[in-house]
Amino acid sequence: MSIIYGPVLSRRFGYSLGIDIVPYKICTYDCIYCQLGKTTNKTVERKRYISIDLAELIEGLKKAIKDNKRIDYITFSGAGEPTLNQDIGILIDGVKKVTNIPVVVLTGGGILYKESVREDLKKADIVKISFDAPNDKILRKVNRPHREIGFSKNKEGLKKLLSIFKGRIWLEIMLIKDINDDIGTVEEFKNIIDEIDDIGTGIERIHLNTAVRPTGSKDVSIPDLKRLNKIKAMLGRKAEIIRYKRIEVSGSGRKDLSNDIIELSKRRPVSIKDISESLEVNINEVIKCLRELLIEGKLKYKIYNSTKYYYV
Ligand code: SF4
């Protein structure tokens, strides 16, 4: 399967061509809301987890740019944490040599304390960082990080990144009812954002996100709209509530992906990894499609051994 996927249409990034540089599911975190399922390799070690031939990647990228009328962003992500790939800086440099399309990196932010990570991220145009916790207690509850990761280290790493970064930094807070949505916690978020916002170009946007789940599921509860609006007002004009609406799922040519997923999950409950492997579609593309199917009520899921299994 190619490491290039999409472009997929997303509300935040328009048409985004993805480059998936970390295999399933290597991550610094094991978030309670993670759609990929349980982290199988929780680590802070940067290395070459998959071998990527830069020349092949560049050829694939040129072809994708030629074949697709519109690509708004090129997004580095992974079925885990992309900054764990020690070559991300070289890969960003490679992409920038062939196109002016802005490069985005989506990161959990757990290893921003490493100078090498900050130096690599400096090459991107936008870095979107998960920022679900304003203290250690919530970080452990929501993100369940590797033991070497702590809130102070995350904050210091973010400050250092801001001081050298010339691009745009977006924070994303996944809000979970009764865990990080109470007024005291939001005040803590606000104090930290105010503290770091003067550094460098500051924080450009704060996305307030909520987990997608079928109605009635109890694993991760979502704050109601009134609470979301209150949080948005407290965090100020940079904060934006992310609402999922039905969108055209893919510009990649796999227009029947929703139907294929439904057909597959009629036979037996399937995990995201099962779907990705069976249909030979990148895991991030599967996630986007599943989100739509859940919102539309066409699929349900149950959790078994910390992994979500989707069924009709
Ligand atoms: S950082 Fe992302 S990939 Fe890693 S566990 Fe959290 S949600 Fe999943």
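Colleague: Let me start with one residue: why is Gly6 called buried?

Modeller: Gly6 has 26 other C-beta atoms within 10 Å. A residue is buried if 20 or more other C-beta atoms lie within 10 Å of its own, exposed if 12 or fewer, and partly exposed in between, with C-beta atoms placed from the backbone. The value for Gly6 therefore falls in the buried class. A word on the source: this is a predicted model, in which local features need pLDDT of at least 70, side-chain atom pairs count only at pLDDT 80 or more, and totals for chains, interfaces and linings use all residues. Residues are numbered from 1 along each chain as its sequence is written.

Colleague: Where is Gly6 placed?

Modeller: Gly6 sits in strand S1. Strands (E, at least two residues) and helices (H or I, at least four) are DSSP runs, numbered from the N terminus. Pro7 lies in S1 too, and the peptide bond from Gly6 to Pro7 is cis, with omega near 10°. Asp194 is 188 residues from Gly6 along the chain, and their C-alpha atoms are separated by 36 Å.

Colleague: What makes Ile4 buried or exposed, or something in between?

Modeller: Ile4 has 19 other C-beta atoms within 10 Å, so it is partly exposed. Ile4 belongs to strand S1, residues 4-10. Its C-alpha atom is 5.6 Å from that of Gly18, which is 14 residues away along the chain.

Colleague: Which residues does Ile4 touch?

Modeller: Not counting residues up to four places away in sequence, Ile4 touches Leu17, Ile19, Gly60, Leu61 and Ala64. Contact here is a C-beta criterion: the two C-beta atoms, placed from the backbone, lie within 7 Å.

Colleague: And how do you know how Ile92 counts, buried or exposed?

Modeller: Ile92 has 21 C-beta neighbours inside 10 Å, so Ile92 counts as buried. Its place is in helix H2, residues 88-98. Leaving aside neighbours within four places in sequence, Ile92 is in contact with Val103, Asp120, Lys123 and Ala124. For Thr75, 17 residues from Ile92 along the chain, the C-alpha separation is 9.9 Å.

Colleague: What is notable about phi of Asp178?

Modeller: Phi of Asp178 is near 65°, a positive value in a residue other than glycine. Asp178 is in the loop between strand S8 (168-174) and helix H6 (183-196). With 8 C-beta neighbours inside 10 Å, Asp178 counts as exposed. Arg144 also has a positive phi, near 40°, and is not a glycine either. Its loop runs between helix H4 (136-142) and helix H5 (151-164), and with 17 other C-beta atoms within 10 Å, Arg144 is partly exposed.

Colleague: What makes Ile242 and Arg11 a long-range pair?

Modeller: They are 231 residues apart in sequence and 8.3 Å apart in space, C-alpha to C-alpha. Ile242 touches Arg11, along with Arg12, His207, Leu208 and Asn209, not counting residues up to four places away in sequence. Ile242 is found in the loop between strand S10 (239-241) and H8.

Colleague: On to helix packing: why are H8 and H10 described by the angle class they have?

Modeller: The axes of H8 (residues 257-267) and H10 (residues 283-295) come within 10 Å and cross at roughly 75°. Axes are lines fitted to C-alpha atoms, for helices over the stretch in contact, and angles run from 0 to 180 degrees between N-to-C directions. Angles under 35 degrees count as roughly parallel, over 145 as roughly antiparallel, 65 to 115 as roughly perpendicular and the rest as oblique. H8 and H10 are therefore roughly perpendicular. Leu257, Ser258 and Ile261 in H8 meet Cys289, Leu290, Glu292 and Leu293 in H10.

Colleague: How do you know how compact the protein is?

Modeller: It has ten helices and twelve strands. The radius of gyration is 19 Å, close to the 20 Å that the globule rule gives for 312 residues, so the protein is as compact as a globular protein of that length. That radius is taken over C-alpha atoms, and the rule is 2.2 Å times the number of residues to the power 0.38. The C-alpha trace spans about 50 × 50 × 35 Å along its principal axes, and 41% of the 312 residues count as buried.
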